[in-house]
Amino acid sequence: MTGNGWLQIAIFCTAVLLITKPLGVYALRVYDGSMAWLRPVERIIYRASGVDAGDDQHWTDYAISRLIFSGATMLLTYAALRLQQALPFNPQGMPAVTGRQAFETAASFTTNTNWQSYSGETTMSYFSQMTQLTFHNFASAATGIALAMALIRGVVRRSAGRLGNFWVDLVRGTLYLLLPLSVMLALLVVQQGVIQNVSHYLAITTVEGARQVLAMGPVASQEAIKELGTNGGGFFNANSAHPFENPTPWTNLLEMVAIFAIPSALTYTYGRMARNQRHGWAIWSAMFILFLVGVTTVYRAESHGNPIHAARGVDVAASAANPGGNMEGKEVRFGIVNSALFATVTTATSCGAVNSMHDSFTPVGGMVPIINMQLGEVVFGGVGAGMYGMIVMIILTVFIAGLMVGRTPEYLGKKIQAREVQMAMLYVLVFAGEILVLSAIAAVTPAGLKGLNNAGPHGLSETLYAFTSTAANNGSAFAGLTGSTYFYNTLLGLNTLIGRFAMHVPMLALAGFLAEKKIAPESTGSFPVTSPLFVLLLISVILIVGALTFFPALSLGPIVEHFLMDAGRVF
Amino acid sequence: MRHTQLRPAIVLTLLLCVITGFIYPGVVTVLAQLFFRRQANGSLVSAAGHAVGSALIGQRFTRPGYFHSRPSAAGAGYDATLSGGTNLGPTSAKLADTLIAHAVDTVVKNDGAMKGKIPSDMVTSSGSGLDPDISPANARLQVARVARVRGMDSSAVRALVDRYTEGRQLGVLGDARVNVLRLNLALDSAPRATSTPVPR
């Protein structure tokens with residue numbers, strides 16, 4: 001760990017803090033409809049699609065709109081991938097994607113997971129990359145934010161029972177928020193060297209006379225929304241480690257800030273909508289504290305390096321000329337600190353882009369990303385998903401606080417009763433259940449074990465990572481796992497769908513139930529949701545719900561591997 | 001109410017697909033090609049009039065007269081259509097063995113210049129397998145070999161390494177690094193101490 005490393009972390013944190021308020025205010029205006037410079041375009045879209053923009057939907061209608069839309073987009077992508085060879089923009093003549101892989105990819109991109117069992121540069125045509133994968137990056141991100149807005153409306157509206165209009169939220173989020181930011185970010189990263197073309201792959205003769213084929217493509221446009229929408233699906237197999245996706249430390253900083261931008265801003269938007277800005281900042285603080293603990297842990301572990309490698313002559317001590325630490329799977333231009341920071345940022349949110357290979361991290365360095373995801377990605381979290389996940393955790397927190405003092409729990413003036421807590425618990429249990437049950441199946445079946453790239457406890461970590469990542473709609477991987485098999489394509493594809501839709505329904509129900517309630521004036525008996533005590537309690541609940549659920553599984557994977565590594569054991 | 005949901009779902013899927021999947025990448029492509037043509041097409045580097053690679057994509061150097069890139073797991077090494085890392089974990093025996101192999105190889109390649117420990121980037125594979133850079137420590141260890149093979153003064157080679165060492169971007173971001181392709185091209189065009197051709 002170096003002074004410069006901490007400085008780089010501090011620069012990142014400051015940048016995130018600085019954009020939270022302006023972007024939060026902007027998002028507020030987008031979703032309350034006061035942002036109107038594209039109103040003519042909006043009107044044409046609503047007329048063509050038969051949307052009544054004034055229709056305030058009940059939670060059941062909101063949920064149905066949301067599900068039908070995702071169904072339609074998923075079918076479109078499945079069809080487009082299966083027919084890839086017959087579609088345009090395919091200079092490399094990529095064949096049709098196999099059925100199982102097309103299913104998994106369609107499911108994965110629809111759910112904002114962007115888990116990739118394929119290698120982009122050898123599987124996807126430019127047509128598939130642009131019109132399907134880039135499109136899904138927008139659609140799934142806009143859907144995520146729309147759902148967060150629905151839940152927020154449920155919390156802050158008085159006895160309304162209505163959550164807004166899904167179609168309007170979807171269109172506005174795409175047009176006003178995601179598209180302008182993406183165009184800006186795309187041009188910023190092209191300036192640094194991210195490619196953007198539809199050329200044939202380029203064959204060149206290297207200095208030593210060998211042949212090298214450079215993969216090309218419309219990368220920057222996908223790169224921008226990949227980060228802003230916390231999607232994470234790389235254009236190339238190596239994702240943001242690939243120099244054409246992330247060529248310099250400056251693009252790396254831009255990409256990391258872009259990942260945190262909207263999730264962080266939404267805490268401010270929430271504060272404004274709830275007319276309790278200090279509550280918004282209290283939530284931000286809880287997220288930020290958990291993030292700092294995570295990044296410090298990874299940075300420490302990766303700088304410390306691997307004693308097994310040190311014993312074989314690798315210099316793990318950092319100096320001005322030597323990056324030190326554990327450089328396996330990391331790029332020189334990023335070094336240890338930016339790899340550790342990126343890994344924490346991408347798993348705290350539901351992004352899943354990677355600028356270094358998590359599979360080759362030290363056990364503790366690789367465990368933090370797993371824990372980040374297992375906490376439910378509420379540490380800023382996915383666009384929208386982090387906010388609604390966090391509100392579910394807050395409901396549990398005020399419920400537990402209420403039990404401790406023997407009062408009916410209430411949150412922002414609304415009584416939290418059995419129905420709400422049931423929905424919140426269902427949300428938590430679906431998530432834990434799918435990860436643990438499916439990883440267990442993979443750990444004991446031959447088809448599951450065949451996909452492993454590493455033996456010993458690291459093998460278990462690989463499967464645990466895969467099912468955690470897909471359930472949490474993250475999409476990053478311990479990429480050694482061979483996911484391109486019937487077993488993994490099917491199970492992981494289903495897992496992304498369960499992780500998204502089976503959690504959205506209870507979440508929207510919770511929003512609907514809350515929206516029906518009256519708001520009681522705050523009294524001396526109300527639990528204050530702006531104090532440091534609240535922040536502490538919220539963090540504790542997140543850790544207890546997340547960490548304790550998964551502790552047994554983690555102790556058999558990364559934790560035992562950590563001790564074995566220190567003892568010099570290899571597998 | 002519910003039967004009316006099908007039309008918006010289908011129409012919006014198609015409309016948003018056109019807006020975000022055609023128009024948006026199209027606009028970005030046009031702007032990128034207008035304003036950042038070199039970068040948008042791969043930041044190609046030319047020598048003697050033809051492209052020899054991309055400044056951003058590493059390539060394999062095996063001859064002793066050149067500085068060598070890091071080990072690569074991309075295909076057979078620096079295959080820019082098969083990016084990726086080894087994905088071997090911290091307790092992988094295979095990775096530990098590979099490190100020993102690389103270390104021995106490195107010591108031999110560098111005329112036994114290696115005393116003490118090896119810079120951490122020198123024997124490990126990058127995440128992309130296409131890392132265009134090596135650390136300054138890594139480059140310095142290769143100076144003696146390159147100078148001897150080329151018949152150059154090692155201080156001249158060392159001076160080139162220093163000139164091609166990029167500091168942190170904007171003074172703080174990232175780590176110091178040396179772009180291998182640019183350094184080697186500079187070597188090729190550097191004046192030589194003797195008139196003997198570079199052994200290749």
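**Exercise 1.** State how far apart the C-alpha centres of domain 1 of chain B and domain 2 of chain B lie, and give the residue bounds of each domain.

*Solution.* In this predicted model, the C-alpha centres of the two domains of chain B are separated by 40 Å. The bounds follow from the division of the chain, in which domain 1 covers residues 1-41 and domain 2 covers residues 44-189.

**Exercise 2.** Describe the contact between chain A and chain B, beginning with how many residues each chain brings to it.

*Solution.* Counting residues as in contact when their C-beta atoms, placed from the backbone, lie within 7 Å, one finds 115 residues from chain A and 95 residues from chain B. On the side of chain A that touches chain B, helix α7 (residues 166-192) of chain A gives the most, with 11 residues. By character, the residues of that side of chain A comprise 59 nonpolar, 44 polar and 12 charged. Turn next to the strands: β3 (residues 314-315) of chain A and β3 (residues 118-119) of chain B run parallel and are joined by 2 bridges, with V314(A) standing opposite I118(B).

**Exercise 3.** Work out the order of the strands in the open sheet of chain B, and locate the helix that lies across β4 and β6 of chain B.

*Solution.* The open sheet has 3 strands in the order β4-β6-β5 (chain B), with antiparallel pairing. Its edge strands, each pairing on one side only, are β4 (133-134) and β5 (165-166) of chain B. Between β4(B) and β6 (residues 177-179) of chain B there are 2 bridges, and D133(B) has N179(B) as its bridge partner in β6(B). Finally, helix α6 (residues 180-189) of chain B lies across β4 and β6 of chain B, running at about 60° to β6(B).

Key
Residues are numbered from 1 along each chain as its sequence is written. Chains are lettered from A and ligands numbered from 1 in the order in which they are written. This is a predicted model: local features need pLDDT of at least 70, side-chain atom pairs count only at pLDDT 80 or more; totals for chains, interfaces and linings use all residues. Domain bounds come from an automatic or database domain assignment. Two residues are in contact if their C-beta atoms, placed from the backbone, lie within 7 Å. Helices (H or I, at least four residues) and strands (E, at least two) are DSSP runs, numbered from the N terminus. Ala, Val, Leu, Ile, Met, Phe, Trp, Tyr, Cys and Pro count as nonpolar, Asp, Glu, Lys and Arg as charged, and the others, Gly among them, as polar. Two strands pair if DSSP finds at least two bridges between them. Axes are lines fitted to C-alpha atoms, for helices over the stretch in contact, and angles run from 0 to 180 degrees between N-to-C directions.
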